[in-house]
Amino acid sequence: MENLLEHIWLPYTQMLNCRQPLQAASTSGSVIALADGRELIDGIASWWTACHGYNHPHIIASMRAQLETMPHVMFGGLVHEPALRLAARLADKAPGDLSKVFFVDSGSVAVEVAMKMAVQYWLNRGFAGRSRMVSFRYGYHGDTMACMAVCDPDESMHALFKDYLPKQILAEMPVDDASAQQFDALLAREKDHVAAVLIEPLVQGAGGMKMHDAATLRRVAELCAKHEVLLIADEIFVGFGRTGTFFACEQAGVVPDILCVGKGLTGGAVTLAATLARPHVYKAFLSDDPAKALMHGPTYMANPLACAAANASLDLFETEPRLEQVAAIEAQLREGLEPCRGLPGVVDVRVKGAIGAVQLASLDAPRLRHEFAERGFWIRPFGDIVYLTPAFTIERDQLAALTSAICSLLSRS
């Protein structure tokens, strides 16, 4: 058999004696076709991105038209219609007055830019020393250096780097009165050193699909306002309908100062992300002093081909019943995963929107991944969870097969 790993370094993978990866050949809807002729029902939408399913004809057609006219042009000193239109549409759909859009090329960079905005916001206003970030236990905000520093230093995949990264402030999620009082006291004590609080609204994704309610999110926003600390909402995973509303913040009536989006922005077709700011944040960068400008500019920011895909994705949210589909998926996930709750070793079963997770006391993730694939399913357990984040267009029988496979395999583990 051909050694597929001769020149490849895979993500999140110990390469010594690792299993040969599956080779994808094509995609369609919620199916990945492999080079060996097998097909897999995809239960995770390619790391939560392909919300409309693979190869949606409207996105493909929009990208093809853009490819023929202008696949890329720099965004420094130039603008173009796909980006201008996309920025206006994002501002229209975002909560409240989040209306200033800075395009980047990945979710991690969107968070990096958000943190940079927050620190410079205070510097530009004459407040030195407000450079630290507050984030929450089990949080995950990306793999780049500044992002790793605001991930959980002990529970995340970046624990190895905790002595190398800048020291930030880790908080417990204020889920009840006692933890809310602790968070209140933390901000009161540290606010002169804090630029912003980062939160993944409603669901902490890569930290283990940990879920909190809208009241908790609202409490975080209220305490940030009380102590005059900026709030950054990382909706890279939870945005674009994944939790049941277009943006997760809507469920709490919260308008963060800065909002990060990515993943589902282009419907999973190509990489693109964005950082949105409210006018009061943007205003702090307006000056006759060039040094007060936001000094950031990814080479491929606002890539026209990606913007065309994102505009097409927004078209689909406007013309096809995506949120209704998410509600139906949520109901089916609750029903289909509930039998796991009574299985030996199962700690919890959690569902929110088009997200379903089964938490276990322990699991052998590589073995389970292989066994799911052998049965025709693309499901990638990690940490202590087996989870599903399917395309919103997944067929009912495909989702039923996925939940049945999880229940079956976990009952034998």
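Strands β1 and β2 run antiparallel in this predicted model. Four bridges join the pair, with β2 covering residues 31–34. Within this pairing, Thr27 stands opposite Ile32 of β2. Helix α12, residues 396–412, packs on the sheet. The helix touches β2, β3 (39–42) and β15. Its direction makes about 90° with that of β3.

The sheet is open and has four strands. Their order is β1-β2-β3-β15, and the pairing is mixed. Strands β1 (24–28) and β15 (377–378) stand at the edges. Each has a single partner strand, so one side of each is left without a neighbour in the sheet. Strands of a sheet pair through backbone hydrogen bonds, either parallel or antiparallel.

Glu39 lies in strand β3 of this sheet. Its relative accessibility is 54%, and the residue therefore counts as exposed, the cut-off being over 50%. Not counting residues up to four places away in sequence, Glu39 touches Val31, Ile32, Ala33 and Gly376. Glu39 and Trp378 are 339 residues apart along the chain. Their C-alpha atoms are nevertheless separated by 9.3 Å.

A second set of paired strands involves β10, β11 and β12. Strand β10, residues 230–234, runs parallel to β11, and three bridges join the two. Ile232 has Ile258 of β11 as its bridge partner. On β11, four bridges lead to β12, residues 273–277. This second pairing is antiparallel. Here Val261 is matched with Ala274 of β12. The side chains of β11 (residues 258–261) alternate in direction. Ile258 and Cys260 point one way, whereas Leu259 and Val261 point the other way. All four are buried.

In soluble globular proteins, nonpolar side chains tend to be buried together. The largest nonpolar core of the model holds 119 residues. Phe103, Val197 and Ile406 touch the most other members. Helix α4, residues 107–124, gives the most to this core, with ten residues. The core draws at least three residues from each of two domains. These are domain 1 (24–55 + 321–411) and domain 2 (70–319).

The surroundings of Val197 can be listed in full. Residues up to four places away in sequence are not counted here. Val197 touches Val134, Phe136, Phe183 and Leu187, and also Val220 and Cys224. Its contacts further include Val229, Leu230, Leu231 and Ile232. Ile232 is also the residue of β10 that bridges to Ile258 in β11.

Two residues have unusual backbone angles. Most residues other than glycine have a negative phi. Ser46 has a positive phi of about 50°, although it is not a glycine. This serine is placed in helix α1, residues 45–48. Ser46 is partly exposed, with a relative accessible area of 32%. Leu202 also has a positive phi, near 75°, and is likewise a residue other than glycine. Leu202 lies in the loop between β7 (194–199) and β8 (203–204). Its relative accessible area is 2%, so Leu202 is buried, the cut-off being under 20%.

Key. Residues numbered from 1 in each chain as written. Predicted model: local features only at pLDDT ≥ 70, side-chain atom pairs only at ≥ 80, totals over all residues. Heavy atoms only, no water. Pairing = 2+ DSSP bridges. Contact = heavy atoms within 4.5 Å. Axes fitted to C-alpha atoms, helices over the stretch in contact; angles between N-to-C directions. Core = buried A, V, L, I, M, F, W, Y, C linked by side-chain atoms within 4.5 Å. Buried < 20%, exposed > 50% of the residue type's maximum accessible area, 1.4 Å probe, protein only. Domains from an automatic or database assignment.
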